[in-house]
Amino acid sequence: MNAHDFTQERFTLQPLSDLMGAEVIGLDLRQPFDPDIKAAVHKAFLDYQLLVFRDQNLTKDEQVVFTEQFGTLERHAVRNRGTSDHPLVHIVSNLDESGKPMGKVRSDKWHTDKSFRPEPSMATILHAQTLPPDGGDTVFVNMYAAFDGLNQATKDKIRSLNVVHSWATSREHEGRPVTAEEKRDAPDNVHPLARIHPETGRTAIFIGMHASHIDGWSFEEGRAFVVELEESVTRAPYLFRHKWQAGDLLMWDNRCLLHRAEANFDARKFPRILHRTCLRGTATQ
Ligand SMILES: [Fe+2]
């Protein structure tokens, strides 16, 4: 791994692993990018799937401005606003309504953000606000690499299948059935199981906790297939673990990565708070 020097573009790119991820060094994200910088950061985003910007300190409004440089902000699901006072910035936290750590870390199952939407999220931007002394990592799976690692027969089979992504089903698996209003707000959507990335042309397996079952199969058979596929790919060598530092801002590509938060800290004692913005993607077929 060699650092690429974007001296001309005024930042440096330091790969974080052989699989994925790069640290972008030298940019203050409170300043809007000029077109050359923006194009270079976007290329790095496509090349490395996950960008890490250290030592940032953006307000919610500044995070919105940063995010909007790369596309259209995604709204919240109707009942998923959390405690945010900002309509476009979701607060990811382990706090209860009284503001105390509640022991549970949300989003700890593998998923890609808003995959139940007809136009699933393109990118997620997550900015650390308050971190536990250690742990609370975010872990990623590279679904390009996972697809590439399948044998040819499985690749061919997966290419022929569509998968139903369902907010209602994933909420039920979390033990909280959705209301009729939530179901209307976020109906099920069908996506290709082997998704062609609209910008790179590479193929990624498109599953995660919102992936319910295979379209056209019996629910039981299709559910079993999805669960087994997820279990088979969410492992080394396809994993990358991000250990948070104060000031970190991450930007990742939901079209080719799964992610989850890891509760490897005392979540009853320490707060873990991050600000999230999402960019809307495009239809998958
Ligand atoms: Fe997420």
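Start by selecting strand E7, residues 138-142, and strand E15: they run antiparallel and are joined by 5 bridges. Keep in mind as you click around that this is a predicted model. Within this pair, zoom in on Phe-140, which stands opposite His-259 in E15. Hold on to His-259, since the tour comes back to that residue.

**Stop 1: the sheet around E7**

Now add strand E13 to the selection. You should have an open sheet of 3 strands, in the order E13-E7-E15, with antiparallel pairing. Which strands sit at the edges? They are E13 (239-242) and E15 (257-261), and each of them pairs on one side only. If you look along the sheet, neighbouring strands are turned against each other by 20° on average, ignoring direction.

**Stop 2: the iron ion**

Go back to His-259 and show the iron ion. Which protein atoms act as its donors? Pick NE2 of His-111, OD of Asp-113 and NE2 of His-259; they lie 2.1 to 2.2 Å from the iron ion. Along the sequence, the spacing of these donor residues reads H-x1-D-x145-H. One pair here links distant parts of the chain: Asp-113 belongs to the loop between strand E5 (90-93) and strand E6 (121-130), while His-259 is in strand E15, 146 residues apart. Turn on a surface and check those two: Asp-113 is buried, and His-259 is buried as well.

**Stop 3: strand E5 and its partner**

The iron site has just brought up E5, so select that strand next. In a regular strand, side chains alternate between the two faces of the sheet. Show the side chains of E5 and you can follow the two directions: His-90 and Val-92 point one way, Ile-91 and Ser-93 point the other way, and all are buried. For the pairing, add strand E16, residues 273-280, which meets E5 in the antiparallel sense over 4 bridges. A handy residue pair to label is Ile-91 with its bridge partner in E16, His-275.

**Stop 4: a cavity beside E5**

Stay with Val-92 and Ser-93. Rolling a probe the size of a water molecule over the atoms shows where empty space is left. A search of the whole structure turns up 2 cavities of 30 Å³ or more. The second largest cavity has a volume of about 40 Å³. To see its walls, select Val-92, Ser-93, Asn-94, Val-105, Arg-106 and Arg-272, which line this cavity. Colour them by class and you get 2 nonpolar, 2 polar and 2 charged residues.

**Stop 5: strand E14, from both sides**

Next, select residues 249-253, strand E14. Is E14 enclosed or open? Of its 5 residues, 5 are buried, so the strand is largely enclosed by the rest of the structure. Flip the view to check each face: Leu-249, Met-251 and Asp-253 are on one side, Leu-250 and Trp-252 are on the other, and all of these are buried.

Bring in the pairing strands one at a time. Strand E4 (residues 50-53) pairs with E14 in the antiparallel sense over 4 bridges, and Leu-51 has Met-251 as its bridge partner in E14. Then show E6, which also pairs with E14 in the antiparallel sense, over 5 bridges. Here the residues to label are Thr-124 and, opposite in E14, Trp-252.

**Stop 6: the second largest pocket**

Now for a pocket. The second largest one has a volume of about 200 Å³. Its lining counts 13 residues, and those nearest its centre are Lys-109, Met-209, Arg-223, Val-227 and Glu-230. Which helices each supply at least two residues of the lining? Select helix H5 (167-173) and helix H7 (219-233). H7 gives the largest share, 5 residues. By class, the lining of this pocket holds 5 nonpolar, 3 polar and 5 charged residues.

**Last stop: two valines**

Finish with two residues in helices. Val-41 is in helix H1, residues 35-48, and counts as buried, with a relative accessibility of 1%. Draw a C-alpha to C-alpha distance from Val-41 to Pro-187: the two are 34 Å apart in space and 146 residues apart in sequence. Then move to Val-65 in helix H2, residues 60-68. Val-65 is partly exposed, at 46% relative accessible area. From Val-65 to Asp-266, the C-alpha to C-alpha distance is 33 Å, across 201 residues in sequence.

Note on methods:
Residues are numbered from 1 along each chain as its sequence is written. This is a predicted model: local features need pLDDT of at least 70, side-chain atom pairs count only at pLDDT 80 or more; totals for chains, interfaces and linings use all residues. Side-chain values use heavy atoms; hydrogens and water are left out. Two strands pair if DSSP finds at least two bridges between them. Axes are lines fitted to C-alpha atoms, for helices over the stretch in contact, and angles run from 0 to 180 degrees between N-to-C directions. On a 1 Å grid over the protein atoms alone, a cavity is a set of points where a 1.4 Å probe fits but cannot get out, and a pocket is an open set with protein on both sides within 12 Å along at least five of seven lines; lining residues have an atom within 4 Å of a point. Grid points are joined across faces, edges and corners, and a volume is the space filled by probe spheres set on the points. Ala, Val, Leu, Ile, Met, Phe, Trp, Tyr, Cys and Pro count as nonpolar, Asp, Glu, Lys and Arg as charged, and the others, Gly among them, as polar. Donors are N, O and S atoms within 2.8 Å of the metal (3.2 Å for Na, K and Ca); water is not among the atoms, so sites may look incomplete. Buried means under 20% relative accessible area, exposed over 50%, partly exposed in between (1.4 Å probe, protein chains only).
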